[in-house]
Amino acid sequence: NLVSDWDFTKEVDNGETINVGEEYCDDYDYTRNLDCSSGESKEVTVDYCYTTDGLEISFESDGTYSYVSEYTDKEVDWDASEASCELVYVDDNEVYTSSGNWAYDEEESRLTLVEFEYTETYDGQTESGVEEDGYLAFDGKITLTASNLVITETDTYEGVEEVYEYHFNKK
């Protein structure tokens, strides 16, 4: 039964497991010049790293859902990096809340989430919004057992299919 509270445990990103609370650095790093305060200039490789600190989703019997996700992004502090002539990373915390309606097609094992309200807090700035007509947040396959939920998302990037699984345990 989908109606319950669910705690995120891990993500499987194209076969690579990332547990909740573990830092993950993806393959989207890039190289650029760092112009140091001392006048020196050097090439640095900037990594994109994040940690999923928590994600809880609740499905209610009236067809509504809500979730709260908390992430920590590792961002470059460019001023500090220029001063020290080394990359200096700082943690930026993000909290995203979403609420809306859900539908589940048991025969197709297909879950649909339509978001109507959200709030995002990032880098100390909070933005809230209402989607009058709803925003299709997810429409795809899930695997559901008595105590586990796996949401599977597929995407095609530059002709290559990427598969992401999000694993939850029933509270």
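A cavity here is a set of grid points where a 1.4 Å probe fits but cannot get out. With that in mind, let's walk through this structure, which is a predicted model.

**The cavity**

Counting cavities of 30 Å³ or more gives one. There isn't much to get lost in, as the largest cavity holds about 30 Å³ of space. Its lining is made up of Phe 8, Glu 11, Ile 18, Asn 19, Val 20, Glu 22, Tyr 50, Thr 51 and Thr 52. Sort those residues by character and you get four nonpolar, three polar and two charged. Strands E1, E2 (16–19) and E6 each give two or more residues to this lining. E6 supplies the largest share, with three residues.

**A look at Thr 9**

Strand E1 is also home to Thr 9. Is Thr 9 buried or partly exposed? It comes out as partly exposed, because its relative accessibility is 24% and the cut-off for buried is under 20%. If you skip the neighbours within four places in sequence, Thr 9 is in contact with Asn 19, Val 20, His 167, Phe 168 and Asn 169. For a sense of distance, try Leu 111: it sits 102 residues from Thr 9 along the chain, and their C-alpha atoms are separated by 19 Å.

**The nonpolar cores**

Leu 111 turns up again in the largest nonpolar core, which has 18 residues. Leu 111 is among those with the most contacts inside that core, along with Leu 2, Ile 57, Phe 59, Leu 113, Leu 149 and Phe 168. The elements giving two or more residues to this core are strands E1 (4–13), E6 (49–59), E7 (64–76), E8 (89–105), E9 (110–122), E10 (125–144) and E11 (148–157). There's also a second, separate core of six residues, including Cys 36, Val 44, Val 46 and Val 76.

Back in the largest core, Leu 113 is worth a stop. Leaving out residues up to four places away in sequence, Leu 113 touches Ile 57, Phe 59, Tyr 65, Asn 101, Trp 102, Tyr 135, Leu 136, Ala 137 and Phe 138.

**The disulfides**

How many disulfides does the count come to? Two, as it turns out. Here they are next to each other:

| Disulfide | S to S distance | Torsion about the S-S bond |
|---|---|---|
| Cys 25 to Cys 49 | 1.9 Å | about 105° |
| Cys 36 to Cys 85 | 2.0 Å | about 70° |

Given its torsion of about 105°, the disulfide of Cys 25 and Cys 49 is right-handed. The bond between Cys 36 and Cys 85 has a torsion of about 70°, so this disulfide is right-handed too.

What do these bonds tie together? Cys 25 lies in strand E3 (residues 23–25) and Cys 49 in strand E6, so that pair links parts 24 residues apart in sequence. Cys 36 is in the loop between strand E4 (30–35) and strand E5 (41–46), while Cys 85 is in the loop between helix H1 (78–84) and E8, so this pair ties together parts that are 49 residues apart in sequence.

As for exposure, Cys 25 is partly exposed, with a relative accessible area of 36%, whereas Cys 49 counts as buried at 4% relative accessibility. In the other pair, Cys 36 counts as buried at 8%, and Cys 85 counts as buried at 10%. Counting bonded cysteines along the chain, the disulfides follow the pattern 1-3, 2-4.

Technical notes: Residues numbered from 1 in each chain as written. Predicted model: local features only at pLDDT ≥ 70, side-chain atom pairs only at ≥ 80, totals over all residues. Heavy atoms only, no water. Core = buried A, V, L, I, M, F, W, Y, C linked by side-chain atoms within 4.5 Å. Buried < 20%, exposed > 50% of the residue type's maximum accessible area, 1.4 Å probe, protein only. Helix = DSSP H or I, 4+ residues; strand = E, 2+ residues; numbered from the N terminus. Contact = heavy atoms within 4.5 Å. Disulfide = S-S within 2.5 Å. 1 Å grid on protein atoms, 1.4 Å probe; cavity = no way out; pocket = protein on both sides within 12 Å on 5 of 7 lines; lining within 4 Å. Points joined across faces, edges and corners; volume = space filled by probe spheres on them. Nonpolar A, V, L, I, M, F, W, Y, C, P; charged D, E, K, R; others polar.
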